[in-house]
Each structure stands twice: as C-alpha cells, then as structure tokens.
Amino acid sequence: MEQNTQHVIRAVRADEWEKVRDLRLDALRDPAASLAFLETYEQAAAKSDEFWQERAAGAAEGVHVAQIIAEAPDGQWDGSVSVFIEDAGSTDFLQQVVDVDQAHVVGVFVRPGQRGSGLTDALFEAALEWVWAREEPVLGRARLFVHEENERAAGFYRRFGFRPSGIVIPKPDDPTAKEHEYLFTRP
C-alpha cells in the first residue's frame, strides 16, 4: 500500500492470525484500553485459535471488513485500524437500524512509542482509501465512536477530518459512560 517512514501500511493476510491476536492483546493491555475497546484482555485471551484464524481470514478477504496494519522493518506490527461495512437497513452493534450504507472504523491502536509519529494518519488514510475504493455499495461516509474521556483520540479524529455528529450513546459495557459518534464524509 504505502510507506510511512520505515513502516509498511497494508492489509492483513489470512495466515497472520497470530500477529492479529498478539496485537489485539497488546492493545487491550494499554492503559487507555478501557476507554477505547469493548472487550477486556481476559475476554480476548480466552478466545480460541480458530476465532483468531477466522478473524484474520475475514479481514484479509476485504469484502465486508478490512484490517490495516503498520509493519516495522523488523516485522513488528506497531498499529492497526479495522473498518467494516454497515448496510442500510441492517442492525448495528447497539441494535439500532443503520440509516445509510456506511463504513464503521473500530479497533484503532498505535503502540505508545509510535503515537504522534504520523503512523495513525497513515493507517487512517489507508483505511479510508479502502472505504472509498468500494464499488458496491458506494459509501458516502465513515463513522466511529469515541469515549467522552478519550480526548487524545477525539483530538486526532477532529484533526484528521472527522466531525461530531451530535449523536451520543451510552457505552455498551458501561451505561454510565458516553460515546460520541464522529463522521467523515467522502471527499
């Protein structure tokens, strides 16, 4: 796909399920994980190898979901972002009916030592490139949700071009916390 300094930004391959699993587990160990993810380290660590194999294969197919990673020259994965397609009329993760065909960005993680390096920008550029390249359905927007206390992430999303939609929902695993929807409209 593209280079960011020394990193290669690309989609995962089906045979990379162990790296998909390991990066997810590293992300869930991050101090901000409770704000950014809807599962715990313990929940993810308990999942079978078959689960991770299917997850990597689905993302590698790139039909309804894509996982974009940042690979360092030594082979370490320093970041990842996933995108999946929500079809109009389908039900989203909150059991709400989706009103338009759109992409949903999830699973954003960049290792602490790489934050602020431009790696997150490169991951988002590649993810949105995948979204806009789709032929059916043609998508006019991408969305994501950010925890009300995750100002670092919200600041990045705004700087990148996402805008608050005004929709605020309870966090699925903690109804006392709020998540704000942000939208990025197709250029």
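This tour visits an aromatic pair, the ring cluster around it, and an internal cavity. The model is predicted, and residues are numbered from 1 along each chain.

**First stop: an aromatic pair**

Please select Phe-124 and Phe-156 and display their side chains. The ring centres are 5.1 Å apart and the planes stand at 65°; because an angle over 60 degrees counts as edge-to-face, the pair falls in that class. Next, colour helix α5 (residues 119-133), which holds Phe-124, and helix α6 (residues 151-160), which holds Phe-156. The pair therefore ties together parts that lie 32 residues apart in sequence. Are these two residues, Phe-124 and Phe-156, buried or exposed? Both Phe-124 and Phe-156 are buried.

**Second stop: the ring cluster**

Extend the selection to Trp-132, Tyr-157, Phe-160, Phe-162, Tyr-182 and Phe-184. Ring pairs link these residues with Phe-124 and Phe-156 into a cluster. The count of aromatic pairs comes to 13.

**Third stop: the cavity**

A search of the whole structure finds one cavity of 30 Å³ or more. The largest cavity holds about 110 Å³ of space. To locate it, select its lining: Val-20, Leu-23, Arg-24, Ala-27, Phe-37, Arg-55, Gln-67, Ser-80, Ser-82, Gly-107 and Phe-109. Two or more lining residues come from each of α1 (17-29), β4 (77-86) and β5 (102-110). Which element gives the most to this lining? Helix α1 does, with four residues.

Finally, colour the lining of the largest cavity by residue character: five residues are nonpolar, four are polar and two are charged.

Definitions and conventions: This is a predicted model: local features need pLDDT of at least 70, side-chain atom pairs count only at pLDDT 80 or more; totals for chains, interfaces and linings use all residues. Side-chain values use heavy atoms; hydrogens and water are left out. Rings of Phe, Tyr and Trp (its six-membered ring) pair if their centres lie within 6.5 Å; planes under 30 degrees apart count as stacked, over 60 as edge-to-face and the rest as tilted. Buried means under 20% relative accessible area, exposed over 50%, partly exposed in between (1.4 Å probe, protein chains only). On a 1 Å grid over the protein atoms alone, a cavity is a set of points where a 1.4 Å probe fits but cannot get out, and a pocket is an open set with protein on both sides within 12 Å along at least five of seven lines; lining residues have an atom within 4 Å of a point. Grid points are joined across faces, edges and corners, and a volume is the space filled by probe spheres set on the points. Ala, Val, Leu, Ile, Met, Phe, Trp, Tyr, Cys and Pro count as nonpolar, Asp, Glu, Lys and Arg as charged, and the others, Gly among them, as polar.
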